Amino acid sequence: MTEALALANTDRSAVRAVCLAVSGVNHPSDQLRMLEWIRDLFPENSKFFVENDAVAALASGTMGKLHGCVLIAGTGCIAYGVTEDGKVARAAGAGPVLGDWGSGYGIAAQALTAVIKAYDGRGPQTSLTKDILEKLELSSPDEIIGWTYADPSWARIAALVPVVVSSAEDGDEVANRILHDSVQELADTVIAVVRRLRLCGEDGKDIFPLVLVGGVLEGNKKWDISGEVIKCISKVFPGTDPIWPEVEPAIGAALLAWSHHCKGLKLENGS
């Protein structure tokens, strides 16, 4: 934040509103801890807002307007929705142990599992074996076990997603099945949020923005994950309006801070 202010030729004394959009902020107690920390860094008259990072991702696609649904699929995944009257709902975002199998980690973990099963004779042979071994510079599938548990961080595992996509594009059935299953997982995550909030209207046909964020959803030459996800969702909700943000989520957080600040000024002025 200090660096961003310096690049804007200003400093903390000029700040009137701060929005922190942070992964893992899901409960008022999480927000309170962040607020206690941030208040010491800025002037007393500054306003502070703490949100889940999905909120900023949504705002980055709607240019600050909190309405619609956002699907984030990177290392992890989450769908988050907001109605025009402020009701919110989310699905997934609990980590791979609790079922985020549409995430980058989930896709890559399934691919690693498929390689081990093929090596054991418990699953079909797959070109993922050759492709992943080459990527990791290993000589045998049994070395994957040591590689995995040497550092089982989510981002390190998720970095193998491009290998899975490449194998699928080359026609590997196992890789294609993993991606198709992940597409359905992601679509189901969005559908659950849209249905709970009735973003699609009573008849299920109203138009609503769906903001798509994250490395898993970036376009690929042949295997277009985001395109397939949209197809699945549109079969249920034909009013789905996909948006690929032109700005990063950090800009969305700044837009939210600005929006909160402007609302505060209107209230102070009695309008």
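**Reading pockets, a helix and a sheet**

Me: Let's start with the second largest pocket. How many residues of its lining are nonpolar, polar and charged?

Reply: Sorting a lining by residue class is a handy way in. Here the lining of the second largest pocket splits into nine nonpolar, seven polar and four charged residues. Keep in mind that this is a predicted model.

Me: Which residues lie nearest the centre of that pocket?

Reply: Glu51, Asn52, Val55, Tyr80 and Val88 do, out of 20 lining residues. The volume of this second largest pocket is about 340 Å³. Then look at which elements supply the wall: helix H2 (28–38) and the strands S2 (47–52), S4 (77–82) and S5 (88–92) each give two or more residues to the lining.

Me: What about the largest pocket: what is its volume?

Reply: The largest pocket holds about 530 Å³ of space. It has 21 lining residues, and Met1, Ala17, Val18, Cys19 and Ala254 are the closest to its centre. Helix H1 (2–7), strand S1 (17–22) and helix H11 (249–268) each put two or more residues into that lining.

Me: Which element gives the most to it?

Reply: That's H11, with seven residues. By class, the largest pocket is lined by 17 nonpolar, two polar and two charged residues.

Me: On to helices. Why does the end-to-end distance of H9 agree with its number of residues?

Reply: The idea is to multiply 1.5 Å by one less than the number of residues. Helix H9 covers residues 173–197, so its 25 residues should span 36 Å, and the C-alpha atoms at its ends are 37 Å apart, which agrees.

Me: And what sits at the ends of H9? Which residue caps its N-terminal end?

Reply: Asp172 does the capping, with a side-chain oxygen 3.2 Å from the backbone nitrogen of Val174. After H9 comes Arg198, and there the phi is positive, near 55 degrees.

Me: Now the sheet. In what order do its five strands run?

Reply: Read across an open sheet from one edge to the other. Here the order is S5-S4-S3-S6-S7, with mixed pairing. S5 and S7 (240–243) are the edge strands, each pairing on one side only. On average, neighbouring strands are turned by 20 degrees against each other, direction ignored.

Me: Mixed pairing, fine. Do S3 and S6 run parallel or antiparallel?

Reply: Parallel: four bridges join S3 (residues 68–73) to S6 (residues 208–213). To find the register, pick one bridge: Val70 has Val211 in S6 as its partner.

Me: And S4 with S5, parallel or antiparallel?

Reply: Antiparallel, over five bridges. One register mark is Ala79, whose bridge partner in S5 is Ala91. S4 and S5 form a hairpin with five residues between the strands, and in this hairpin Gly86 has a positive phi near 95 degrees.

Definitions and conventions
Residues numbered from 1 in each chain as written. Predicted model: local features only at pLDDT ≥ 70, side-chain atom pairs only at ≥ 80, totals over all residues. Heavy atoms only, no water. 1 Å grid on protein atoms, 1.4 Å probe; cavity = no way out; pocket = protein on both sides within 12 Å on 5 of 7 lines; lining within 4 Å. Points joined across faces, edges and corners; volume = space filled by probe spheres on them. Nonpolar A, V, L, I, M, F, W, Y, C, P; charged D, E, K, R; others polar. Polar contact = N/O pair within 3.5 Å; in protein donor to acceptor, adjacent residues only side chain to side chain. Pairing = 2+ DSSP bridges. Axes fitted to C-alpha atoms, helices over the stretch in contact; angles between N-to-C directions.
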